[in-house]
Amino acid sequence: MANAETDTPESTLATLQPDPTWSADAHEETVDALGADDLTFRIWGGDWCGDCRQQLPAFAAALKAAGVPNERIHAHAVERVDGEKVGDGVEEYGIDLIPTVVVERDGEEIARFVESEARPIAVYLAEEISE
């Protein structure tokens, strides 16, 4: 469900507010790959996490530019409890590090970004999806 004020997936993740400075024109191939009609995105992050605060706003902007509907974006807030990460789907999907983004097609995982790569989340996943 979308948040009417922000037009982003309803979530407790403030880090999924799209970065207004992200340029879709500079990432045309990335936007095209992420915009495929049959993809679902599952995003785990925490507003307390520095990597999430740094990386997720640009990824959210890429999803918005790609026209991915909110019903295909599932945001999962992760909390720390006694040094462990807890939250919806953490155990089921084997989430150890955040941000983690899982891309699914027809319920099957086809790509996964975990915490950091040499490329931004959107670029990394677009390359994985296109392979």
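Here is a quick tour of one well-covered helix and a few unusual backbone spots in this predicted model.

## A mostly covered helix

Let's start with α4, the helix that runs over residues 121–130. How many of its 10 residues are buried? Seven are, so the definition of buried puts each of those under 20% relative accessible area. They are Ile-121, Ala-122, Val-123, Tyr-124, Leu-125, Ala-126 and Ile-129.

What covers these buried residues of α4? The cover includes two helices, α1 (28–34) and α2 (50–65). It also includes the strands β3 (39–45), β7 (100–105) and β8 (108–114).

## A cis bond ahead of β7

Now for the backbone. Going from Ile-98 to Pro-99, the peptide bond is cis, and its omega is near 5°. If you want to find Pro-99, look in the loop between α3 (90–93) and β7.

## Two positive phi angles

Asp-106 isn't a glycine, yet its phi is positive, at about 55°. You'll find Asp-106 in the loop that links β7 and β8. Is this residue buried or exposed? Asp-106 counts as exposed because its relative accessibility is 73%, and the cut-off for exposed is over 50%.

Glu-115 is another non-glycine with a positive phi, this one about 60°. Look for Glu-115 in the loop between β8 and α4. Its relative accessible area is 25%, so Glu-115 is partly exposed: that label sits between under 20% for buried and over 50% for exposed.

Notes:
Residues numbered from 1 in each chain as written. Predicted model: local features only at pLDDT ≥ 70, side-chain atom pairs only at ≥ 80, totals over all residues. Heavy atoms only, no water. Buried < 20%, exposed > 50% of the residue type's maximum accessible area, 1.4 Å probe, protein only. Helix = DSSP H or I, 4+ residues; strand = E, 2+ residues; numbered from the N terminus. Contact = heavy atoms within 4.5 Å.
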